[in-house]
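Please open the model in your viewer and keep the selection tool at hand. We will go from stop to stop, with something to select at each one.

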Amino acid sequence: MAAKRIALIDLSGIFRQHYHATEHESSSAAVRKTLQAVTGFVAGFDCVGICIDCPPYKRSEIDPNYKAHREKAPQVMHEQQRAVIEELGNDGYHILGAKGYEADDIIATVCEWQRRNAGRAKEVVIFSSDKDLLALVRPGVEVISAATGTAYKDAAAVHAKLGVQPELVTDWLA
């Protein structure tokens, strides 16, 4: 089997970005802009995974303070995000999620699969604005900022951005 180029979309982060940027527009603006962004990101890839959050999160069971400081998202935001997920699923994209896990967890799992099966998946490109995901950058895995389009293709690019190597990103953020 030939090696594949895989695009992983951090849908929750990308949708939130569009939702907040369009809060004074029609209710469908965030849906439309998110769908346009995703279809623009994935051109030229062999496989596309739309990675989604599936609360309630297992991390909250471990630490009740996990994300406790965040304001609860309005119901309309959840409804619009479900509409995006449904539309992408209807368009044939693979929706990747597991109850209790966030999109980050799904993305990290696919990257670990890529590392263990390098002959089957030569390249994973992650589209997200989440700095946490810079910890995954290594040969065969890059992160492209969904907000700026900046590509982080290697440890040097991550170091230039944050001042640490990818394996230290989690510690740096903590």
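The tour below covers helix packing, the nonpolar cores and a few single residues. Keep in mind throughout that this is a predicted model.

**Stop 1: helices α1 and α4**

Select residues 11-21, which form helix α1, together with residues 75-90, which form helix α4. The two helices pack at an angle of about 125°, and their axes lie 11 Å apart. That angle makes α1 oblique to α4. The crossing of α1 past α4 is right-handed.

Now show the side chains where they meet. From α1, pick L11, S12, F15, R16 and Y19; from α4, pick V76, M77, Q80, Q81, V84, I85 and L88. Colour this contact by class and you will find eight nonpolar, three polar and one charged residues.

**Stop 2: helices α1 and α2**

Keep α1 on screen and add helix α2, residues 29-41. At what angle do α1 and α2 pack? The angle is about 135°, with the axes 9 Å apart. This makes α1 oblique to α2, and the crossing is right-handed.

On the α1 side, the contact uses L11, I14, F15, H18 and Y19. On the α2 side, highlight A30, V31, K33, T34, A37, V38 and F41. Sorted by class, the contact of α1 with α2 holds nine nonpolar, two polar and one charged residues.

**Stop 3: helices α2 and α4**

Hide α1 for a moment and leave α2 and α4 showing. Their axes come within 9 Å and cross at roughly 40°. Here too you can check the handedness: α2 passes α4 in a right-handed crossing.

Select A30, V31, T34, L35 and V38 in α2, and then Q80, V84, E87 and L88 in α4, to see where the two helices meet. The contact of α2 with α4 divides into six nonpolar, two polar and one charged residues.

**Stop 4: the nonpolar cores**

Which residues of the largest nonpolar core touch the most other members? Select I9, F41, I50 and F127 to see them; the core has 25 residues. At least two residues of this core come from each of β1 (4-10), α1, α2, β2 (47-51), α4 and β4 (121-128). The largest share is from α2, which gives six residues.

Now centre the view on F127. Leaving aside neighbours within four places in sequence, F127 is in contact with A7, L8, I9, D10, I14, F41, F45, I144 and A146.

There is also a second, separate core of 21 residues, and V143, L162, V164 and V169 are among its members.

**Stop 5: C51 in strand β2**

Go to C51, which sits in strand β2. Is C51 buried or exposed? C51 has a relative accessible area of 0%, so this residue is buried.

Display what surrounds C51. With neighbours up to four places away in sequence set aside, its contacts are L8, I9, D10, L11, S12, L96, A103, I106 and I107. For a distance check, draw a line from the C-alpha of C51 to that of Q17: they are 15 Å apart in space and 34 residues apart in sequence.

**Stop 6: a cis peptide bond**

Follow the chain to P55 and P56 and look at the bond that joins them. This is a cis peptide bond, with omega of about 5°. P56 lies in the loop between β2 and α3 (58-62).

**Stop 7: L136 in a loop**

Next, select L136 in the loop between β4 and β5 (141-145). L136 has a relative accessible area of 15%, and it counts as buried because the cut-off is under 20%. Apart from residues up to four places away in sequence, L136 touches I107, A108, C111, I126 and V141. The C-alpha atoms of L136 and D154 are 9.8 Å apart, with their positions 18 residues apart in sequence.

**Stop 8: D171 in helix α7**

Finish at D171, found in helix α7 (residues 169-173). The relative accessibility of D171 is 55%, so this residue counts as exposed. As a last step, draw a C-alpha line from D171 to K161: the two are 10 residues apart along the chain and separated by 15 Å.

Notes:
Residues numbered from 1 in each chain as written. Predicted model: local features only at pLDDT ≥ 70, side-chain atom pairs only at ≥ 80, totals over all residues. Heavy atoms only, no water. Axes fitted to C-alpha atoms, helices over the stretch in contact; angles between N-to-C directions. Helix = DSSP H or I, 4+ residues; strand = E, 2+ residues; numbered from the N terminus. Parallel < 35°, antiparallel > 145°, perpendicular 65-115°, else oblique. Left-handed = near helix turned anticlockwise from the far one by under 90°. Contact = heavy atoms within 4.5 Å. Nonpolar A, V, L, I, M, F, W, Y, C, P; charged D, E, K, R; others polar. Core = buried A, V, L, I, M, F, W, Y, C linked by side-chain atoms within 4.5 Å. Buried < 20%, exposed > 50% of the residue type's maximum accessible area, 1.4 Å probe, protein only.
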